[in-house]
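I opened this notebook to follow one helix and its neighbours step by step. My entries keep to what I looked up, with each term explained where it first appears.

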Amino acid sequence: MFKDFIERVGIMNCILLLVVVSIIIVSETLFLSGRKLDAIFIAFWAPTILGFMNYLKYKK
């Protein structure tokens with residue numbers, strides 16, 4: 001199941017998706033611990049990385 005997904009999406013995109021998920025988890029952890037401004041700053045990284053992935057995908 002995961003092997004088919006990795007072959008279809010690509011290894012680099014899978015790595016970047018894992019990075020995005022980890023960024024969201026870190027942001028939620030910071031927000032719940034009371035560091036709200038830091039959490040908001042880090043939360044903006046996830047859509048930036050996803051947008052960069054789309055840009056590279058359609059650049060070809």
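**Entry 1, the length of H2.** I began with helix H2, residues 11–32, whose 22 residues should span 32 Å at 1.5 Å a residue, and because its end C-alpha atoms are 32 Å apart, the expectation and the model agree. The expected span is 1.5 Å times one less than the number of residues, and helices here are DSSP runs of H or I with at least four residues, numbered from the N terminus.

**Entry 2, the source.** I noted that this is a predicted model, in which local features need pLDDT of at least 70 and side-chain atom pairs count only at pLDDT 80 or more, while totals for chains, interfaces and linings use all residues. Residues are numbered from 1 along each chain as its sequence is written, and side-chain values use heavy atoms, with hydrogens and water left out.

**Entry 3, the buried side of H2.** Which residues of H2 are buried? I found Cys14, Val20, Ile23, Ser27 and Leu30, where buried means under 20% relative accessible area, with a 1.4 Å probe and protein chains only. These residues pack against helix H1 (2–9), helix H3 (36–43) and helix H4 (45–59).

**Entry 4, serine 27.** I then looked at serine 27, which lies in H2 and counts as buried because its relative accessibility is 7%. Leaving aside neighbours within four places in sequence, serine 27 is in contact (heavy atoms within 4.5 Å) with Ala39, Ile42 and Ala43.

**Entry 5, H2 against H4.** Two packed helices are described by the angle between their axes and the distance between the axes. For H2 and H4 I read an angle of about 165 degrees, with the axes 9 Å apart, and H2 is therefore roughly antiparallel to H4 (an angle over 145 degrees). In H2, Asn13, Leu16, Leu17, Val19, Val20, Ile23 and Ile24 meet Trp45, Ala46, Ile49, Leu50 and Met53 of H4. By class, this contact has 11 nonpolar residues, one polar and no charged, with Ala, Val, Leu, Ile, Met, Phe, Trp, Tyr, Cys and Pro counted as nonpolar, Asp, Glu, Lys and Arg as charged, and the others as polar.

**Entry 6, H3 against H4.** H3 and H4 pack at an angle of about 5 degrees, with their axes 5 Å apart, and are therefore roughly parallel to each other (an angle under 35 degrees). Phe41, Ile42 and Ala43 of H3 and Trp45, Ala46 and Pro47 of H4 make the contact, which divides into six nonpolar, no polar and no charged residues.

**Entry 7, after H2.** Last, I noted that glycine 34, just after H2, takes a positive phi of about 105 degrees.

Notes
Helices (H or I, at least four residues) and strands (E, at least two) are DSSP runs, numbered from the N terminus. Buried means under 20% relative accessible area, exposed over 50%, partly exposed in between (1.4 Å probe, protein chains only). Axes are lines fitted to C-alpha atoms, for helices over the stretch in contact, and angles run from 0 to 180 degrees between N-to-C directions. Angles under 35 degrees count as roughly parallel, over 145 as roughly antiparallel, 65 to 115 as roughly perpendicular and the rest as oblique.
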